[in-house]
Every structure is written in structure tokens, then in C-alpha cells.
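This report covers internal cavities, aromatic contacts and the nonpolar core of one chain. The sequence and model come first, and the description follows.

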Amino acid sequence: MEGFWEHIIVVTAARYSVFVLCTLVFLAVFELVTSYKNWEEIKKGNLAVAMATGGKLFGIATIFRYSIEHNDSLLQSVGWGVYGFVLLLMGYLMFEFLTPIMKVDEEIRNGNKAVGFISMIISVGLAFVIGASIR
């Protein structure tokens, strides 16, 4: 018989709780690096911000999915999740830096759905690449 802390229900609840907490922290960090308030813009119906934020959420979840799949301990999963988030954040900042013909944040804040969509796809794509290298 397995112990309480090794029971799959307890392990799942622990991983879920830590993932939710990390997601809230990571979204707060993204809120700090963007020039707009994500949730205020989403409340106004700004689809470009919703797509960009949704891509970040999906990216974070994807990174944690791989992190949980390939690591036995909760601490290892969180460590890889944090590392993956840092890489995802760097990718977002590089997207802004490498597009000098426009200010990505401004375009998203102004409701440019095409830029919001590309931002979403970049987050999702980077998350799969980051996740694939987690062991």
C-alpha cells in the first residue's frame, strides 16, 4: 500500500495547485513587461490582447505538461517549469526587439488581431520547442 503523499490523487492535486500558482505569478510577470493591462483590455473586448494572453497561457501550460511528464518530483517539475517560463519570456521580448518596424505591444494594445495572432503562435510554438527539450 502506498503512503498518503504518494497517492496519485494527492500528487495530482499538488501538481495542479502548484501549476495554478505558478501560472498566476507568470501572468503577473507578463503583465509587468507589457505596456498594457491584459485583463482590462480583455474586459474591453480587445481580441488581439486575448489572443496574445491566451498564447502565453497555453505556452505556460504546455511547458508544465512536459515538465510534469518528464520529472518525478514536484520540485523538479517546478524548476523546469520556471526555466521554461524564463525562456518563453525571453522569446516574447525577442519578438518585440526583432520587429523594429512596429512596436508589438502598441499594435496588440490597439487591437491589431494579426499581431495578436502571431504573438499567440510564437508563444505556442516556443512552448512546444521548450517542452520537447525538457527531460
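The lining of the largest cavity in this predicted model is made up of six nonpolar residues, one polar and one charged. The residues concerned are R15, V18, F19, F64, I68, L74, S77 and V78. Under the classes used, Arg counts as charged and Ser as polar, so R15 is the charged member of the lining and S77 the polar one. Helices α1, α3 (47-70) and α4 each contribute at least two residues to this lining.

The second largest cavity is lined by L27, F30, N38, W39, T53 and K56. Two or more residues of that lining come from each of α1, α2 (38-43) and α3. By class, the lining has three nonpolar, two polar and one charged residues. Because Lys counts as charged, K56 is the charged residue here. The count of cavities of 30 Å³ or more is two, and the table gives their volumes.

| Cavity | Volume | Lining by class |
|---|---|---|
| Largest | about 40 Å³ | six nonpolar, one polar, one charged |
| Second largest | about 30 Å³ | three nonpolar, two polar, one charged |

Aromatic contacts are the next topic. A pair of aromatic rings is described by the distance of the centres and the angle of the planes. The structure holds seven aromatic pairs. One of them joins F26 and F85, with ring centres 4.0 Å apart and 5° between the planes, and it is stacked. F26 belongs to helix α1 (residues 8-33) and F85 to helix α4 (residues 74-97), so this pair ties together parts that are 59 residues apart in sequence. F26 has a relative accessible area of 6% and is buried. F85 is likewise buried, at 6% relative accessibility.

How are the rings of F30 and F85 arranged? Their centres are 5.4 Å apart and their planes stand at 85°, so the pair is edge-to-face. The cut-off behind this is that planes over 60 degrees apart count as edge-to-face. This pair also links distant parts of the chain, with F30 in helix α1 and F85 in helix α4, 55 residues apart. F30 is buried, at a relative accessible area of 1%.

One aromatic cluster is formed by F19, F26, F30, F64, F85 and Y92. Two of its members, F19 and F64, also line the largest cavity, and F30 lines the second largest.

Charged side chains also meet aromatic rings. K56 lies over the face of Y92, 4.4 Å from the ring centre; K56 is also in the lining of the second largest cavity. Elsewhere, R65 has its charged end over the ring of Y66, at 4.7 Å from the centre of that ring.

The nonpolar core comes last. In soluble globular proteins, nonpolar side chains tend to be buried together. Here the largest nonpolar core has 23 residues, of which F30, I60 and I108 touch the most other members. At least two residues of this core come from each of α1, α3, α4, α5 (104-109) and α6 (113-132). The most are given by α3, with seven residues. F30 thus recurs: F30 belongs to the aromatic cluster, to the lining of the second largest cavity and to the largest nonpolar core.

Note on methods. Residues are numbered from 1 along each chain as its sequence is written. This is a predicted model: local features need pLDDT of at least 70, side-chain atom pairs count only at pLDDT 80 or more; totals for chains, interfaces and linings use all residues. Side-chain values use heavy atoms; hydrogens and water are left out. Rings of Phe, Tyr and Trp (its six-membered ring) pair if their centres lie within 6.5 Å; planes under 30 degrees apart count as stacked, over 60 as edge-to-face and the rest as tilted. Helices (H or I, at least four residues) and strands (E, at least two) are DSSP runs, numbered from the N terminus. Buried means under 20% relative accessible area, exposed over 50%, partly exposed in between (1.4 Å probe, protein chains only). A charge sits over a ring if NZ of Lys or CZ of Arg is within 6 Å of the ring centre and within 35 degrees of the ring normal. On a 1 Å grid over the protein atoms alone, a cavity is a set of points where a 1.4 Å probe fits but cannot get out, and a pocket is an open set with protein on both sides within 12 Å along at least five of seven lines; lining residues have an atom within 4 Å of a point. Grid points are joined across faces, edges and corners, and a volume is the space filled by probe spheres set on the points. A nonpolar core is a set of buried Ala, Val, Leu, Ile, Met, Phe, Trp, Tyr and Cys residues joined through side-chain atoms within 4.5 Å.
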